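Work through the exercises below with the sequence and the 3D structure in view. Each task is followed by a solution in steps.

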Amino acid sequence: MIESLLVANRGEIARRIIRTAKRLGIRAIAVYSEADADLPFVVEADEAVLIGPPNPTQSYRNTEAILAAAKSTGAQAIHPGYGFLSENAEFARTVESAGLIWIGPGADAITAMGDKINARNLMAAAGVPVAPGTTDPAADLDAAVTAAAEIGYPVMVKAAAGGGGMGMGVAADEGALRIEYDKVRAFAERMFGDGSVLIERFFPRVRHVEVQILGLADGRVVALGERECSVQRRNQKLVEESPSPAVSPELRDRLLAAAVRAGEAVNYRNAGTVECLLVPREPDAAGAVPDSEDFFFLEMNTRLQVEHPVTEYVYGVDLVEEQLRVAAGLAPTFDPDALSPRGHAIELRVNAEDPKRFLPGPGKVTTWVEPTGEGIRVDSGYVEGNTVTPFYDSLLAKLIVSGASRDEVIARARDAVAGFQIVGPKNNLPFFAELLENEEFLSGAYDTAIVSRMR
């Protein structure tokens with residue numbers, strides 16, 4: 001097993017990775033910016049290195065500073081967490097060129113799946129369903145208009161190099177397309193350094209469901225069930241649950257098989273997620289509506305996901321440990337041929353944002369009391385006395401609740417939300433209290449527009 005691990009991230013995910021590393025007897029090394037000096041992940045690491053000022057480009061995205069920290073501490077491996085450099089193929093190559101172990105998929109797989117158009121084409125060739133859309137970037141506005149006419153409105157305009165729900169717009173007609181194309185292209189050039197745009201069919205009523213995959217050291221790719229991610233604001237997730245209340249056993253078999261094919265198509269190793277859209281099937285010629293739904297490949301996230309804890313509960317695995325084992329060339333702790341879900345789990349992303357408009361609300365934490373009890377886990381990045389700064393993502397903590405059934409989990413989640421006290425920064429706990437009483441959510445028959453309908 002790996003003996004020393006540098007965590008190239010911050011907040012709750014750094015703290016969570018450090019926890020598993022220390023349990024396994026691995027020396028855990030943190031890197032931190034000046035803004036994060038007092039956060040728990042810095043204190044809990046075996047060693048911590050200051051790598052720069054608050055600006056991420058000078059700290060958590062600073063390859064030279066991170067590698068210098070690894071060298072000075074004698075780190076054997078680097079875990080990127082999620083965000084920052086986690087899906088940066090060049091960083092992965094640089095880490096390995098420095099003689100360090102990269103905890104993640106190979107750089108070639110990151111590159112292959114990092115461009116949405118290339119990923120769509122690869123998946124189609126592998127027999128994974130993809131939504132109607134362009135197979136090449138829409139080079140200019142005229143090309144976008146032509147493509148949209150062939151695909152059929154409404155369409156989604158996407159930044160090919162985008163991710164995390166950023167760089168997307170919906171156009172219901174040509175007039176809207178002309179506006180959205182220019183907006184998305186400009187955003188993509190500014191944020192990703194790549195203005196390539198793809199046009200894809202937009203489905204107004206969809207569910208967002210993803211499959212957790214793990215590429216094992218022996219070359220096999222396995223799927224550890226699906227997660228429902230349809231509670232979103234601005235195309236970014238707020239709630240995840242597993243199993244999905246929308247997925248039948250027959251649909252689950254098809255989803256998981258497609259996800260495995262996706263991983264195999266790029267020789268995937270380590271943890272990753274295949275994200276899909278579930279679309280209600282159209283009535284047939286006789287007007288009959290099929291019992292199941294169609295699904296389409298959306299994208300692959302070549303890293304550990306924020307919502308990985310719900311899979312950990314349902315499948316009884318520590319995904320960070322499995323990541324480390326794959327990177328070390330070791331077999332998994334579980335039997336890949338006997339994977340079976342048990343119970344239910346829901347994750348609520350507690351963010352420093354107001355619960356109505358979801359606008360950021362940083363500030364000093366004057367009160368922080370986490371809920372406790374059976375089936376309750378809190379992965380937090382802060383404690384009382386810390387300051388939530390405006391430099392990074394607004395995630396404060398992840399409240400993960402598990403139990404034997406969805407109803408039991410929802411009941412526990414209500415109590416947990418009521419018992420979670422955060423004073424100082426604004427937070428969205430009141431929104432979750434509202435959601436957990438919402439009839440549409442309780443029924444399980446919700447889709448990605450549920451937050452928009454609530455607000």
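**Exercise 1. Place Ser394 in the structure and decide whether Ser394 is buried or exposed.**

Solution. Ser394 has a relative accessibility of 18%, so Ser394 counts as buried; buried means under 20% relative accessible area, exposed over 50%, and partly exposed in between, with a 1.4 Å probe and protein chains only. Next, locate Ser394: the residue sits in the loop between strand S18 (387-388) and S19. Helices (H or I, at least four residues) and strands (E, at least two) are DSSP runs, numbered from the N terminus. Then list the contacts, meaning heavy atoms within 4.5 Å. Leaving out residues up to four places away in sequence, Ser394 touches Arg233, Val350, Asn351, Ala352 and Glu353.

A note on the basis: the model is predicted, with local features needing pLDDT of at least 70 and side-chain atom pairs counting only at pLDDT 80 or more, while totals for chains, interfaces and linings use all residues. Residues are numbered from 1 along each chain as its sequence is written, and side-chain values use heavy atoms, with hydrogens and water left out.

**Exercise 2. Find the residues with the most contacts inside the largest nonpolar core.**

Solution. A nonpolar core is a set of buried Ala, Val, Leu, Ile, Met, Phe, Trp, Tyr and Cys residues joined through side-chain atoms within 4.5 Å. The largest one has 98 residues, and Leu6, Ile78, Val231, Leu399 and Phe441 have the most contacts inside it. Strand S19 (residues 395-403) supplies the largest share of this core, six residues. A separate second core of 27 residues includes Leu251, Ala258, Cys276 and Met300. As a further step, take Val231: beyond four places in sequence, its contacts include Phe431, Leu435, Phe441 and Tyr446.

**Exercise 3. Explain why Cys229 forms no bond with the closest cysteine sulfur.**

Solution. A disulfide is a pair of cysteine sulfur atoms within 2.5 Å. The closest cysteine sulfur to that of Cys229 belongs to Cys276 and is 11 Å away, so it is too far for a bond. The search of the whole structure finds zero disulfides. Both residues are inside: Cys229 is buried with a relative accessible area of 0%, and Cys276 is buried with 3%.

**Exercise 4. Describe how helix H5 and helix H6 cross.**

Solution. Axes are lines fitted to C-alpha atoms, for helices over the stretch in contact, and angles run from 0 to 180 degrees between N-to-C directions. The axes of H5 (residues 107-114) and H6 (residues 116-125) come within 5 Å and cross at roughly 100 degrees. H5 is therefore roughly perpendicular to H6, a class that covers 65 to 115 degrees; under 35 counts as roughly parallel, over 145 as roughly antiparallel and the rest as oblique. At the contact, Ala112, Met113 and Gly114 in H5 meet Lys116, Asn118, Ala119, Leu122 and Met123 in H6.

**Exercise 5. Which peptide bond leading to Pro154 is cis, and where does Pro154 lie?**

Solution. The bond from Tyr153 to Pro154 is cis, with omega near 0 degrees. Pro154 lies in the loop between helix H7 (141-151) and strand S6 (155-159). The bond from Ser242 to Pro243 is also cis, with omega near -5 degrees. Pro243 is in the loop between strand S11 (236-242) and helix H9 (249-265).
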